[in-house]
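Thank you all for coming; I would like to take a few minutes to walk through a structure that may be new to most of you. Please have a look at it first, and then I will go through it step by step.

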Amino acid sequence: MADRPYQMQEHRYDQGHPAVADFLRRVRALTDKYDATFTVAEVGSADPLPQMREFTAPGVLNSAYSFDFLAAPRLDSDALRASLCAWPNSEPDAASSVSSTVAGWPSWAFSNHDAPRVASRWTNKQPNARSSKLFALLLLSLRGNVFIYQGEELGLAQADIPFEQLVDPEAIKHWPKTMGRDGARTPMPWQRHAPHAGFSTHSPWLPIASSHATAAVDQQVQDPSSVLHFFRELLALRQASPALRRGHLEFLESATPLIVIRRWHDQEQWLSVINATDDTATFERPESTESVSRLLVGDVQGETTLTLAAQSAVLMRLT
């Protein structure tokens, strides 16, 4: 049942106006006069894909921000495939049905300030470092720009905020039906033992959860196995790889419930194999090539026949 004024309206004239794309071309022409600018569309509508394509056509904006995964209560491999394949060149055969001149470049996010943190949302509110690394490996395997929400690189869970400390008007109005958005908006924890986890010397607008303080930056910097170190290693790999930054993407079929993504550009190719289930799964690589480097999450065994324990993943560069 709708409980927001926005949800009670028919949005006939306040979304998708034909003149928007022309206005955005003027915006792009202006921003292109400056160095190191990046323009991104945030399209919120019942059917955003056509507008996302229109707003990222040549000469319009650089990218469009997808909400596909922000409201998802769980990691759904079919939905993941559908979202990625909706963009040109996401798979080798996708370009034949969608002209590459129609759409541009997507941007992806698993968490933001309006959605429960993915570390809690996709793990039944039982987040852990291993699952946070798995989600990071998946996110940075996708074709498109990646948005990492503050604290995601620490594996922060959704914070529980007492009613008397809520500041989100929506949360206050609907409590306890919904806890609102404050649980994803708490300050960044920098130092475990400092007042307010090193964020401020004064009380910030929201309290910092004790579990966030133990995951503070100063703790994770010292731990080579931390989520923060994993993000840094993964980002360095992606930054150095044309295939991971802008290459083609293909989903490979698997006899077991795995997410298998191949990325390639020229002669460089990578394979991401992700087991987000609670059971062990195997994958038979279709190629005879060997991996020259690997980044692992959890327990992954084998070279051609991969055996992945529950909540495990591997990103490998192939020869």
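I will begin with the chain as a whole and then turn to one helix.

Please keep in mind throughout that this is a predicted model. The protein chain is built from 10 helices and 12 strands, and its C-alpha atoms fill a box of roughly 60 × 50 × 45 Å along the principal axes. For 319 residues, a compact globule would be expected to have a radius of gyration near 20 Å, and because the protein chain has 21 Å, the value agrees with that expectation. Of the 319 residues, 45% count as buried, and if we take the contacts with a separation of 6 or more, 62% of them are made by residues 24 or more positions apart.

Turning to the surface, the accessible area of the protein chain comes to about 16600 Å², and carbon and sulfur atoms account for 53% of it. As for charge, there are 29 positive and 36 negative side chains, with the centres of the two sets lying 4 Å apart.

Now to the helix, which is α5, covering residues 129–139. Is this helix largely enclosed or largely open, and why? Nine of its 11 residues are buried, so α5 is largely enclosed by the rest of the structure. Among the buried residues of α5 are Ser-131, Lys-133, Phe-135 and Leu-139. At the start of α5, a side-chain oxygen of Asn-128 comes to within 3.1 Å of the backbone nitrogen of Arg-130.

Terms used
Residues are numbered from 1 along each chain as its sequence is written. This is a predicted model: local features need pLDDT of at least 70, side-chain atom pairs count only at pLDDT 80 or more; totals for chains, interfaces and linings use all residues. Side-chain values use heavy atoms; hydrogens and water are left out. Helices (H or I, at least four residues) and strands (E, at least two) are DSSP runs, numbered from the N terminus. The radius of gyration is taken over C-alpha atoms; the globule rule is 2.2 Å times the number of residues to the power 0.38. Buried means under 20% relative accessible area, exposed over 50%, partly exposed in between (1.4 Å probe, protein chains only). Contact means heavy atoms within 4.5 Å. Accessible areas come from the Shrake-Rupley method with a 1.4 Å probe; for residues, only the protein chains shown count as cover. Lys and Arg count as positive and Asp and Glu as negative; His and the chain ends are not counted. The place of a charge is taken as NZ of Lys, CZ of Arg, CG of Asp or CD of Glu. A polar contact is a pair of N or O atoms within 3.5 Å; within protein, one must be able to donate a hydrogen and the other to accept it, and residues adjacent in sequence count only if both atoms are side-chain atoms.
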